[in-house]
Amino acid sequence: MRDTRRTRLLLGVAIVAALGLIAVDYQDNSSSVIMTARSITGSVFGSAERAVAVVTRPVGGFFGAGVAGAGRAGRTAAMERQLVRMRAELSAARLSKTEYRQLGRLLQVSGRGGYRVLAASVIAFGQGYQQTVTLDAGSSDGVRPQQTVLDGDGLVGRVVSVSAGTCTVLLASDPSSVVGVRLAPGGDVGWVTGQGRGSVGAGLLKLQVLDAAALRTGEQLVTAASVRDRPFVPGVPVGTVVSVRNKAGGLTGQALVRPFAGFGALDVVGVVVAAPKRDPRFSVLPPPPPPSPAPSPTAAGPSGTAPSTMGPSPSPSASGRTRPGQAAAGPQWSRRRRGGPATR
């Protein structure tokens with residue numbers, strides 16, 4: 001449409017008429033003309049609006065529900081991820097506390113013995129016929145074969161194979177493991193071997209010494225020095241003798257040893273990467289437990305009371321005088337009536 005003077009005039013008249021109708025509508029809502037026009041307009045456009053709403057409501061509801069459902073699902077997934085993360089952080093915190101405690105004991109042992117250790121974690125237990133564990137430390141960390149492995153309690157074993165990031169440790173409880181030891185405090189030399197899983201006394205080590213008379217229950221053992229400190233450095237606590245089994249006519253004395261380290265619950269361990277400058281001997285051993293006091297026997301009299309602990313009644317000779325014809329005698333033993341215990 002061309003922009004002419006007539007067109008502009010018609011547009012201006014239409015605008016003025018519309019403004020006039022609006023003014024009349026606001027002044028008097030009861031105008032029949034306005035009410036009729038409004039009714040006709042509402043009927044036409046209202047019907048069309050309702051028809052469009054009926055058609056579009058399922059579509060809008062579907063997309064609206066989808067958007068709302070997607071929002072709720074997204075929030076639920078985010079909350080689940082946050083919950084999983086919080087649980088993982090809590091588990092890691094608990095694990096860290098346990099690891100820190102084990103690491104602290106490991107550092108105490110290495111400090112007393114003068115060992116330079118590389119801390120590592122057990123990441124797998126061997127499933128074959130050998131008793132082994134895998135550590136998360138390898139040649140890139142300075143681990144080499146035939147190095148001693150210990151934890152905060154005592155000897156664990158020795159490294160038998162190494163890769164770039166991991167290493168395999170043969171436990172001292174394996175039947176093929178042989179460890180030279182010294183008995184405290186005398187220093188007698190012997191060796192311990194593992195007994196495997198299915199044997200009698202599984203979990204204990206078998207000790208043999210050259211001098212059978214040196215074996216006593218309760219004695220503690222440490223590792224003896226190997227040649228060039230491979231595979232075992234000296235002074236690492238091994239265990240305590242719990243049973244002596246000397247055989248008549250045997251060439252060596254034998255005993256069973258309870259190891260200090262718990263081979264079934266290993267977590268944080270240390271690989272000894274540098275031996276001590278001097279033999280620590282028995283300085284790394286934990287203090288032995290105090291002996292349990294022997295129970296004192298108590299006997300009750302016929303009435304349930306403890307027997308009297310008073311000294312013997314003075315005899316006629318106690319005053320230094322004897323009757324005629326009676327020889328002086330020492331304290332006499334007498335027995336209570338009704339078979340009670342003897343009192344002095």
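How many nonpolar, polar and charged residues are in the lining of the largest cavity? The points below take up that question and then the strands, loops and backbone of this predicted model.

1. The lining of the largest cavity consists, by class, of 5 nonpolar, 2 polar and 3 charged residues. The residues concerned are R182, V222, T223, A224, A225, P234, G235, D279, R281 and F282. The space inside is about 30 Å³, and the count of cavities of 30 Å³ or more comes to 1. Two of the lining residues, R182 and T223, come up again below under strand pairing.

2. The second largest pocket should be described separately. Its volume is about 170 Å³. The pocket is lined by 13 residues, and Q131, L171, S173, F263 and G264 are the closest to its centre. The lining of this second largest pocket divides into 4 nonpolar, 8 polar and 1 charged residues.

3. One barrel is closed by 6 strands in the order β1-β2-β5-β4-β3-β12, with antiparallel pairing. From one strand to the next, the twist averages 45 degrees.

4. Within that barrel order, β3 and β4 deserve a closer look. Strand β3 covers residues 148-150 and strand β4 covers residues 155-162; the two run antiparallel and are joined by 3 bridges. V149 has G157 in β4 as its bridge partner. The connection from β3 to β4 is a hairpin through 4 residues.

5. Strand β4 also pairs with strand β5 (residues 167-171), in the antiparallel sense and over 5 bridges. Opposite V159 stands V169 in β5. A hairpin is formed here too, with 4 residues between β4 and β5. L171, which falls in the range given for β5, is among the residues closest to the centre of the second largest pocket.

6. The loop between β2 (132-135) and β3 contains Q146. What is the phi of Q146? The value is near 65 degrees, which is positive although the residue is not glycine. Most residues other than glycine have a negative phi. The backbone at Q146 is therefore worth a look when the model is inspected, given its positive phi in a residue other than glycine.

7. A further barrel is made of 6 strands, closed in the order β6-β7-β8-β11-β10-β9 and again with antiparallel pairing. Here the twist from one strand to the next averages 40 degrees.

8. Strand β6 (residues 178-184) is paired with strand β7 (residues 189-193) in the antiparallel sense, over 5 bridges. Two residue pairs can be named: V181 stands opposite G190, and R182 has V189 as its bridge partner in β7. R182 is also one of the residues that line the largest cavity.

9. Which strand pairs with β6 over 4 bridges? It is strand β9 (residues 220-223), and the sense is antiparallel. V181 stands opposite T223 in β9, as well as opposite G190 in β7. T223 lines the largest cavity, together with V222 and others.

10. The turn between β6 and β7 has two backbone features to record. The two strands form a hairpin with 4 residues between them, and G187 in the turn has a positive phi of about 90 degrees. P185 is placed in the loop between β6 and β7, and the peptide bond from A184 to P185 is cis, with omega near 5 degrees.

11. A cis peptide bond is also found from R230 to P231, where omega is near 5 degrees. P231 is in the loop between β9 and β10. Most peptide bonds are trans.

12. Where is T252 placed? The residue is in the loop between β10 (237-244) and β11 (253-259). Its side chain makes a polar contact with the side chain of Q208, at 3.3 Å. Leaving aside residues up to four places away in sequence, T252 touches W191, Q208, V209 and L210. W191 falls within the range given for β7, so-called here by its number from the N terminus.

Terms used: Residues are numbered from 1 along each chain as its sequence is written. This is a predicted model: local features need pLDDT of at least 70, side-chain atom pairs count only at pLDDT 80 or more; totals for chains, interfaces and linings use all residues. Side-chain values use heavy atoms; hydrogens and water are left out. On a 1 Å grid over the protein atoms alone, a cavity is a set of points where a 1.4 Å probe fits but cannot get out, and a pocket is an open set with protein on both sides within 12 Å along at least five of seven lines; lining residues have an atom within 4 Å of a point. Grid points are joined across faces, edges and corners, and a volume is the space filled by probe spheres set on the points. Ala, Val, Leu, Ile, Met, Phe, Trp, Tyr, Cys and Pro count as nonpolar, Asp, Glu, Lys and Arg as charged, and the others, Gly among them, as polar. Two strands pair if DSSP finds at least two bridges between them. Axes are lines fitted to C-alpha atoms, for helices over the stretch in contact, and angles run from 0 to 180 degrees between N-to-C directions. A polar contact is a pair of N or O atoms within 3.5 Å; within protein, one must be able to donate a hydrogen and the other to accept it, and residues adjacent in sequence count only if both atoms are side-chain atoms. Contact means heavy atoms within 4.5 Å.
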